[in-house]
Structures are given as C-alpha cells and as structure tokens.
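Here are some notes for a colleague who is opening this structure for the first time. Please read them with the sequence and the 3D view side by side.

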Amino acid sequence: LIVYKSQQDFEFKVCKSKNKDCKSWNWKQDYRMYNSYVGNDQNSGVYIFRPDVNSQNASLPYASLINSTLYPGTVVTVIRMYWKNMISEYRIRNQSPNGIEVETFIQPIDVSDNIGKEITINFQTANLSNSNTFYTDSNGLEMQKRIVNHRDTWDLQVNQPVSGNYYPINAAIYLEDTDKKQRFTVLTDRSQGGGVIQPGDIEIMIHRRLVADDARGCGEPLNEKDYDGKGLRERVKHYLVFSETTETTSLFRTYQFWLDQTLDLNFVASQKTDEVVAREVSLGESLKLTDLPDLVKMFITLEEGGSFLVRFHNTDDLNNKTFPLPDVFKSFQNVEETSLSANQLKSEMLARKLSWNGANPKEFAASFTNYSPKIDNVTLRALEIRTFRLSNPSKISA
C-alpha cells in the first residue's frame, strides 16, 4: 500500500494481515543543490566535486514544489509533481507493488549569477535509523559497506565532509535499520555519485553546470549548452525498492535484473547469404530461449571463425544457482570453460594461479589444482560470472 500523505511526503506500508503486523517506510523527496567552489586552489569541475564552503555542512534548497496531481489507474498510478525548475513523476505499477519508478525532467541550470550549481535528488527517510552506515554497489555487483567520515584501514582526517563521503553508484544505494530489519533502496538508470551525508537521507547527484575548470586535463568548465543556448536539459529515472533485511531472495536485485534486461531493437544490413544468416539466427534464438534460473543472465558473443562466447551471470547476491548446460551446447564439438576475459582456458589459468601465505614473498604455490574441466551442470555462486567457448558447430537447420 502506497500512501500519498502530502505533496512531498510518502509512506509505503506492508501488512501481513488486514491492518495488522504492519511495517512502514516513510520518506520525503525533494531536490537540493551545492554551490560549486571556485578559488585559488582546487576548483569544482569536470572531474572534481567540491562544494563551496557555505555548502559544506548542508546542501541548499533548489526546487520548490508548486503543486501535484494524482492520476489513479488499474494498471499504473501516476503522481505528477510540478516544481519551480523541473517536473517529476512517481509511477506505481500494480504488478510490482514493492517498487516505485521516479522520473525527473530537469530544466537548464541557471548560472547567470556566475555560480556553478550541482543538483541532487534527496530521499529523506523519516522512520529508519541507519547509524551513519549505507551501502553502494561495486560495478553493479557486490554491495560495499560505507561509514560516514570513516575508512577501515586508516584514521581519516575530514577536510571535505560532503565530497569525502560521495561514492560511485553504478546500480544501487541503500540504507537499512538493523533494529527494524527494514531496507530502503534506490536504483539508478546510469552511473551516478551519491551518499548518505545526513542521517537517513539518500542523496544522488543528477545534474551539474559549472563555471570554472578544475585543471585536471579537460581545459574547460562543465558548461554544455542546449539548442537554445541555455544549459542542458536532463531526464533521469530512479527506482525505489522497499524490503526487509531478512529476505531470502534480494528484492532489489530482482528489480536490477529487470532494469538490465529492457528490450532493445537492433537493425543491421548484412551481405551474408540467407543460409548463413538463417543458421546464425537459429543458433542465437536457441541460446536465448534457453530456460535459466531466476536472476541468471546469459550473454552471447560471436567470435571470428564461427565460435561463440557464452557468459552466465548470477545476479542474485544471496543464493547459488545450478542448472544443466543448454541442449544447444550439444550442437558444438568443443565446449570449454575459459577465464572471464576468454584469453585462456580456465584450467590453465587456475593451474598458473599463485597463492601466498603472506610470510615469505618467495614461497608461492599453485592453487585450485583440483579443478575439473568436465562440464555437465553449471553452478554459479552468488554474483559469479562464468565464460564458455563453443566451437566447431555441427550443421544447424533453420
């Protein structure tokens, strides 16, 4: 149940029975900004994010909400919010009740006052205590624990309390209340930067327009302009996912899987014969239509000489997946597992891999020598990727 409490306040509520044993996620959404630093030392620029000294303790309001309109529907319900400098839409789909899509249409950033501005979207949770801890993904894979103003391996001297707590977000950022066992996750539609600078407040950078160069090689300020000479307009999407820390299947990974698998139409001109095209299409369709466990991706790459690289990726971060090799693999005389980059057989890579006990740098020994190249079933550990080369195909009829 989504409760739209006021123009900027929301509540997501889950009850195991009618109005009993309920859990709520409360949040307020707004847009804020940092004035960019310009001085005699390090400017904020293309590569460097450095807020002005007046923005170091807290970001500043950017867009004031004018009004909002609710459009209820049986398939999707839309809340359109009109702000001074942008429009945002909340889309709640009935078939995916634990997630909400938030799309923002950003108007050009005004720098006529000769002050650069860096715009963020903020989701301020009201009832979750994250104890200065949050998590961001590493290249879409493992979630890394982040503690505000802290590093595990050295004593951090805090000089930049905002940018020093910003991290790359390639897929997701979340905070959780360990006592309530509740998690609030925000998924991104592109790589962005962000953090939880203030307790319970997820902050993600969505647009920037600057007036000074940061002297890091670009040689110009980040001041791109649109067709009308004004700053660039932007359109970004975020996805809110509400879950419990005790779940056995990661709910936000399910949403990440869906977002990564959006349909994409491709058209290409080819001079190949109809027979070759039919064989390749038949093989590709056979591979793509293979039944795979939930949250397992398959990537196919055609190599020179007619061989294929097939990668299986388990995007579930809680569970291993085991499944038989697809029947289409039997159409190839050679099926070999390779290293992730496919530049050598996996058995050869593991035989060369060295282990070190940390005591004497001269004491190295090969590891993983018990690996067997025999392939019947594929087992993927949580978040694991495995690569196979398929070569010498038998004739496949279209």
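1. The protein is built from 3 helices and 25 strands, and it should be kept in mind throughout that the model is predicted.

2. Of its 398 residues, 43% count as buried, while the surface that the protein exposes comes to about 22,000 Å², with carbon and sulfur atoms supplying 48% of that area. Among the contacts with a separation of 6 or more, 62% are accounted for by residues that lie 24 or more positions apart.

3. One sheet that can be followed strand by strand is an open one of 4 strands, which are arranged in the order 18-19-25-21 and pair in the antiparallel sense. Its edges are formed by strand 18 (296–302) and strand 21 (332–338), each of which pairs on one side only, and from one strand to the next the twist averages 20°.

4. Within this sheet, the antiparallel pairing of strand 18 with strand 19 (residues 308–314) extends over 7 bridges. A convenient place to look at this pair is F299, which stands opposite R311 in strand 19.

5. On the surface, W154, L156 and V158 make a nonpolar patch of about 260 Å². One of these residues, L156, is found in the loop that runs between strand 11 (143–147) and strand 12 (167–169).

6. Should L156 be described as buried, partly exposed or exposed? Its relative accessibility is 30%, and because the partly exposed class covers the range between under 20% for buried and over 50% for exposed, L156 counts as partly exposed.

Conventions. Residues are numbered from 1 along each chain as its sequence is written. This is a predicted model: local features need pLDDT of at least 70, side-chain atom pairs count only at pLDDT 80 or more; totals for chains, interfaces and linings use all residues. Side-chain values use heavy atoms; hydrogens and water are left out. Patches are made of residues with over 30% relative accessible area and no salt bridge: like charges are joined within 9 Å, nonpolar side chains (Val, Leu, Ile, Met, Phe, Trp, Tyr) within 5 Å. Accessible areas come from the Shrake-Rupley method with a 1.4 Å probe; for residues, only the protein chains shown count as cover. A salt bridge is a side-chain nitrogen of Lys or Arg within 4 Å of a carboxyl oxygen of Asp or Glu. Helices (H or I, at least four residues) and strands (E, at least two) are DSSP runs, numbered from the N terminus. Buried means under 20% relative accessible area, exposed over 50%, partly exposed in between (1.4 Å probe, protein chains only). Two strands pair if DSSP finds at least two bridges between them. Axes are lines fitted to C-alpha atoms, for helices over the stretch in contact, and angles run from 0 to 180 degrees between N-to-C directions. Contact means heavy atoms within 4.5 Å.
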